[in-house]
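Here are my notes on this model. Please read them with the structure open.

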Amino acid sequence: MDSLISERDEKMTPVFSESALGPVQVVLLDGLPLELKRIDPKTPRLSELIEDSRRRFPLLFEQLYRTLVEGEIYFQQLHLERLPSFYKRVLQRVKTIPKGTVKNYGEIATEIGSPHGSRAVGSALARNPLPLLIPCHRVVKKDGAIGSFSMGGSTLKAKLLEKEGIILAKNHKFWIKQQGT
């Protein structure tokens, strides 16, 4: 398992939280999210780490919880400077997709000015350093298949979409927005 935080960069701060996919660590750089990764639920002292994060950063922790568990979008500023320009454009666009809504890779490509770049959009999403904060699970294939998900494959992506009110066929092929959401 990767180190929970790099000791060489003192500006980095780990924050631990629950999410719709289990426990996660969000690494902050100068107070802004830089990276999010799932952590093993059997991590020693995990409940203490989560409670310590809640005590040390109450407002941030509340925003993380509402984003990671409830799917709301709270973070306007994220550290994306280390990414290529195209990836930043993709992730900034995907960040605005509301809960209970999906877009396809081609739509995102067109919206950022690269109408033939749907595969490149998929590549950018596969390298999303902040899944759930930037809801890449809300991007699907043009034919209605849900596609893959960097945090755990299509099964976890389907779970997230269903939690947000998207109804999927058993083969995860088609999605329909649930009425009333």
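How do the residues of the lining of the second largest pocket divide into nonpolar, polar and charged?

1. The lining has five nonpolar, four polar and two charged residues. Here Ala, Val, Leu, Ile, Met, Phe, Trp, Tyr, Cys and Pro count as nonpolar, Asp, Glu, Lys and Arg as charged, and the others, Gly among them, as polar.

2. This is a predicted model: local features need pLDDT of at least 70, side-chain atom pairs count only at pLDDT 80 or more, and totals for chains, interfaces and linings use all residues. Residues are numbered from 1 along each chain as its sequence is written, and side-chain values use heavy atoms, without hydrogens and water.

3. The second largest pocket holds about 150 Å³ of space. Its lining includes Tyr105, Cys136, Lys141, Phe149 and Lys157. Helix H5 (residues 118-126) contributes the most, with three residues.

4. Val121, Ala124 and Leu125 of H5 are buried (under 20% relative accessible area, 1.4 Å probe, protein chains only). Down the axis of H5, the buried residues fall within an arc of 95 degrees, so they line one face of the helix. The arc is taken from the directions from the helix axis to the C-beta atoms. Helix H3 (85-94), helix H4 (105-111) and strand E5 (139-140) are among the elements that cover them.

5. Look also at Thr43, in the loop between strand E3 (32-38) and helix H1 (46-56). Thr43 is buried, at 11% relative accessible area. A polar atom of the Thr43 side chain lies 2.6 Å from the backbone oxygen of Asp40.

Note on methods:
On a 1 Å grid over the protein atoms alone, a cavity is a set of points where a 1.4 Å probe fits but cannot get out, and a pocket is an open set with protein on both sides within 12 Å along at least five of seven lines; lining residues have an atom within 4 Å of a point. Grid points are joined across faces, edges and corners, and a volume is the space filled by probe spheres set on the points. Helices (H or I, at least four residues) and strands (E, at least two) are DSSP runs, numbered from the N terminus. Buried means under 20% relative accessible area, exposed over 50%, partly exposed in between (1.4 Å probe, protein chains only). A polar contact is a pair of N or O atoms within 3.5 Å; within protein, one must be able to donate a hydrogen and the other to accept it, and residues adjacent in sequence count only if both atoms are side-chain atoms. Contact means heavy atoms within 4.5 Å.
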